[in-house]
Amino acid sequence: MATKPLDGVNVLDFCWVAVGPMTTKYLGEYGATVVRVESAKRPGTLRSAAPFRDGIAGINRSGYFASYNANKMGITVDMRHPRARDLMLRLAEWANIVTENFTPGTMEGWGLGFEELSAVNPALVMFSASMMGRGGPLERQPGFGPVLSSLVGLTNVTGWPDRTPVNPYGAYTDFIVPKFAVAAILAALDRSRRTGEGIHLDLSQLETSLHFVAPLLLDYTANGREQGRLGNRDPGGAPHGVYPCAGEDRWLAIACSADAHWRGLLRVAEPDGGPLHSDAFATLLGRKANEDELDRLVAQWTAEHDRHHLMHSLQEADVPAGVINDPRDLFDDPQLRHRGHFQWLEHPEIGPYATDRSEFELSLTPGSLDTPAPLLGQHTEHFLRDIIGLSDDEYRSLEGDGVLE
Amino acid sequence: MSENPATTLLSPYRVLDLTDERGLLCGKILGDLGADVVQVEPPGGSSARQVGPFYGDDPSPAKSLYWWAYSANKRGITLNLEHSDGRALLERLVSSADFLVESYDPGYLESIGLGYSHLSAINPRLVMVSITAFGQDGPYAGYRAADITGMALGGFMHLTGDPDRAPLRPSFPHFYLHGSAAGAAAAMLAHTHRALTGEGQHVDVSCQQAVARTLAHAPQIWDIEGAILQRMGVYRQTSGDNRVRINWPCADGYVNYMLQGGGVAPSTRNLFQWMEEDGFDVTELQAFEWETMGYGRITPEVMDTVVGPMADFFLRHTREELTRGSVERRILLFPVATPSDLRQHPQLEARGYFASMEHPELGTAVDYPGAFIKSGDGAALAELRQRPPLVGEHNVEILGGELGLSSTELDSLRRTGVI
């Protein structure tokens with residue numbers, strides 16, 4: 001097997017829902033041994049989340065869970081059992097990295113805070129992610145990505161100027177944070193390897209996600225201005241928007257920010273002249289001043305054409321244009337196919353399912369997704385006996401006491 | 001007393017940042033983690049300096065707030081890479097650098113003799129990160145990309161917006177930010193390998209893929225159930241015919257509350273309890289078995305039963321009342337916040353998030369968004385320590401002080417337009 005950058009790195013992973021598992025999926029894809037700690041008594045939210053193959057729900061059947069937990073092992077431990085703490089301290093000796101995204105104080109409540117973990121493993125990197133960060137009056141406020149988009153200020157700038165705001169799709173901030181998180185975890189691992197000293201990382205999803213609106217925050221703190229909702233328009237371009245194409249719910253995004261883009265569009269749309277050639281549209285200033293009429297004319301043109309045909313024609317004229325890919329289109333997108341964006345894994349209950357690979361290629365040490373998400377408790381015995389080295393007696397005793405549930 | 005990690009996480013490492021507005025965030029993240037980041041701009045300044053908004057609405061190169069946001073914690077030099085003397089100086093910097101980040105169109109650096117194979121011959125330990133819209137090769141590699149066309153091709157826009165209008169993007173560009181942040185993660189993966197083996201490598205980031213990874217389970221819904229999720233305005237489709245409302249008008253603005261069961265059923269029940277105290281009859285609402293309704297499993301019938309009373313309840317209260325009450329009752333509700341809300345947010349205030357940065361060249365100080373990560377003991381890991389550089393601000397310090405060029409040589413480079 002090819003070398004991976006995180007070969008030999010052990011991750012004890014308490015993360016749940018999306019933001020944590022997305023983070024540790026990168027680590028697993030690039031070679032780390034990631035062991036997810038779950039509870040059979042209180043399975044995580046995602047295990048009961050659609051989609052399900054054939055519409056049949058089941059604790060091991062969620063395609064949502066399966067996608068984010070590829071390349072990980074799964075063990076079950078009842079963290080409220082009195083013997084769980086000692087077992088976890090033993091696993092913390094094995095781990096290089098412990099990850100968790102519980103409400104702050106949860107790990108401490110189990111006697112597994114950073115001080116206690118680093119007492120058994122001084123080089124340990126512990127990564128804690130929470131909605132609001134540790135400390136402060138709101139550290140225990142529960143939350144999750146879909147509503148956090150609103151607190152971060154993203155919902156307020158998503159929507160049409162004449163309508164109420166709408167949320168950016170999905171648990172959006174959950175997909176901003178993991179990239180920052182991986183960089184920070186590996187920076188901490190690097191320091192731990194250099195100095196032998198562990199560290200506890202405290203990531204506030206709110207604070208991290210604010211870096212995706214940082215210029216808007218500066219516009220407020222420096223200029224006292226709050227940007228509103230612009231639909232799809234942009235102060236630096238016109239036409240700049242999404243235009244209907246032939247077919248049902250088919251659209252093409254076009255962005256003319258330079259005069260060269262506009263001239264390219266004219267060559268494609270009206271090679272023999274027409275209303276878009278009006279003097280009113282000759283300059284960006286003119287196009288911005290008459291943008292409603294401009295958008296109407298562009299939409300009139302695009303509506304008669306196939307979106308892919310238009311995209312290719314405009315791109316040949318050096319005009320930024322891109323079709324609106326829906327989820328099915330993504331699987332057919334020639335560029336994503338070329339990159340091998342989706343990978344299919346064979347899951348014992350779900351069957352073959354698609355999960356997305358990392359958005360980067362490492363030339364020397366590529367990642368790979370090789371194993372499907374674990375069934376609940378699938379690796380409990382294998383991990384504790386074969387990797388941690390528990391004796392028969394120790395294992396049977398934990399099992400018999402109900403610790404491994 | 002252990003040494004302060006704020007100055008030690010990535011402090012041994014040097015990053016050469018050749019990116020423009022398409023890649024600045026990658027180096028910013030590494031700089032925030034303590035790396036010594038040197039932004040390399042063309043003479044006259046980066047095109048990112050032309051991206052608004054601007055301080056005092058003055059579109060001059062030192063006043064782009066986009067530049068400020070993503071170039072703090074970097075030093076800056078100018079080098080004309082189309083000039084052989086400029087390339088020679090870059091090669092000298094590469095020989096001792098740990099990372100090089102760039103966001104040029106695929107093939108550009110190769111065309112001026114600075115491709116990965118050339119740079120890695122100079123410094124085999126180099127980790128080079130290339131951030132582009134679609135990746136270094138493939139049928140779209142040469143495509144022109146803007147934020148909106150990238151968000152479209154990444155699949156994000158289909159799922160955002162009102163059902164009766166065109167798909168939407170946020171009114172702030174995110175396409176390249178997603179790829180740039182991924183570039184920082186990838187840089188550290190490559191670094192981890194290099195730290196053990198001494199081997200550098202080339203990292204090829206696709207912003208389209210980075211956006212496609214933000215779609216939660218929408219691709220899996222197609223793959224496993226054969227259904228295509230749709231944008232639904234204030235609602236969100238979760239699976240098949242199932243949808244949940246997440247955006248609600250209140251007395252003085254908007255709040256977000258995403259009705260859920262499963263693991264977050266307690267939040268839902270707490271909200272109904274509050275409604276009951278407010279005089280609503282919630283018998284029917286509480287009777288549903290929320291605990292078994294995991295994500296995507298709330299049916300339209302259930303949703304339609306609860307949405308009316310909930311909408312009435314929210315309209316009776318202000319954002320402030322709803323936000324404060326939700327904290328006390330552990331309800332998953334958030335306001336639709338604006339920058340001024342954030343500047344005054346009690347949690348951000350308590351954690352000292354915003355940090356004042358002196359801009360002596362403007363005779364002022366400005367509050368910046370602070371560290372993206374902290375140490376568990378509350379110490380900063382990622383302090384703001386360097387104001388965004390002016391054009392060529394550190395030419396003398398780096399080209400003179402480090403590479404040993406004399407003031408005569410620097411003057412000559414200025415005259416010939418190399419710096």
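Me: What makes strand β4 (residues 99-102) of chain B and strand β5 (residues 127-132) of chain B a pair?
Reply: In this predicted model, four bridges link β4 and β5 of chain B in the parallel sense, and since at least two bridges are needed for two strands to count as paired, the term applies to them. Within this pairing, B:F99 is the residue opposite B:V127 in β5(B).

Me: Which sheet do these strands belong to, and what makes a strand of that sheet an edge strand?
Reply: They belong to an open sheet of seven strands with mixed pairing, whose order is β12(A)-β6(B)-β5(B)-β4(B)-β1(B)-β2(B)-β3(B). The edges are held by β12 (360-362) of chain A and β3 (74-78) of chain B, each of which has a single partner strand, so one side of each has no neighbour in the sheet. On average, and with direction ignored, neighbouring strands here are turned by 20° against each other.

Me: Which helix packs on this sheet, and which strands does it touch?
Reply: Helix α1(B) packs on the sheet, where it touches β1 (14-17), β2 (36-41), β3, β4 and β5 of chain B, and its direction makes about 155° with that of β2(B).

Me: Why is α1(B) called oblique to α7(B)?
Reply: Helix α1 (residues 24-32) of chain B packs with α7(B) at an angle of about 45°, and their axes are 7 Å apart. An angle under 35 degrees would count as roughly parallel and one from 65 to 115 as roughly perpendicular, and the angle found here belongs to neither range, which makes α1(B) oblique to α7(B). The crossing of these two helices is right-handed.

Me: Which residues of α1(B) and α7(B) meet, and how do they divide by character?
Reply: From α1(B) come B:L24, B:L25, B:C26, B:I29 and B:L30, which meet B:L177, B:S180, B:A181, B:G183, B:A184 and B:A187 of α7(B). The residues of this contact divide into nine nonpolar, two polar and no charged.

Me: How many residues does each chain bring to the contact between chain A and chain B, and which helix gives the largest share of the side of chain B?
Reply: Chain B brings 134 residues and chain A brings 132 residues. On the side of chain B, the largest share is that of helix α7 (residues 175-197), with 14 residues, and the residues of that side comprise 76 nonpolar, 42 polar and 16 charged.

Me: What makes strand β6 (residues 199-204) of chain A a partner of strand β15 (residues 374-375) of chain B?
Reply: Two bridges join them in the antiparallel sense, and as at least two are required for a pair, these strands of chain A and chain B meet the condition. Here A:L201 is placed opposite B:S375 in β15(B).

Me: What is the order of the sheet that holds this pair, and which strands are its edges?
Reply: This open sheet of seven strands, with mixed pairing, has the order β3(A)-β2(A)-β1(A)-β4(A)-β5(A)-β6(A)-β15(B). Its edge strands are β3 of chain A and β15 of chain B, each pairing on one side only. Strand β2 (residues 33-38) of chain A runs parallel to β3(A), joined by five bridges, and A:E38 stands opposite A:T76 in that partner strand.

Me: How do you know that A:N69 is buried?
Reply: A residue counts as buried if 20 or more other C-beta atoms lie within 10 Å of its own, and A:N69 has 29 within that distance, so A:N69 is buried. A:N69 lies in the loop between α2 (63-68) and β3 (72-76) of chain A, and, with its neighbours within four places in sequence left aside, A:N69 is in contact with A:P21, A:K25, A:R36, A:A373 and A:P374.

Me: What makes helix α9 (residues 214-223) of chain A mostly covered, and what do its buried residues pack against?
Reply: Nine of the 10 residues of α9(A) are buried, among them A:L216, A:D219 and A:Y220. The buried residues of this helix pack against α2 (65-71), α14 (339-343) and β14 (364-368) of chain B. After α9(A) comes A:G224, which has a positive phi near 70°.

Key. Residues are numbered from 1 along each chain as its sequence is written. Chains are lettered from A and ligands numbered from 1 in the order in which they are written. This is a predicted model: local features need pLDDT of at least 70, side-chain atom pairs count only at pLDDT 80 or more; totals for chains, interfaces and linings use all residues. Two residues are in contact if their C-beta atoms, placed from the backbone, lie within 7 Å. Ala, Val, Leu, Ile, Met, Phe, Trp, Tyr, Cys and Pro count as nonpolar, Asp, Glu, Lys and Arg as charged, and the others, Gly among them, as polar. Axes are lines fitted to C-alpha atoms, for helices over the stretch in contact, and angles run from 0 to 180 degrees between N-to-C directions. Angles under 35 degrees count as roughly parallel, over 145 as roughly antiparallel, 65 to 115 as roughly perpendicular and the rest as oblique. A crossing is left-handed if the near helix is turned anticlockwise from the far one by less than a right angle, and right-handed if clockwise. A residue is buried if 20 or more other C-beta atoms lie within 10 Å of its own, exposed if 12 or fewer, and partly exposed in between; C-beta atoms are placed from the backbone.
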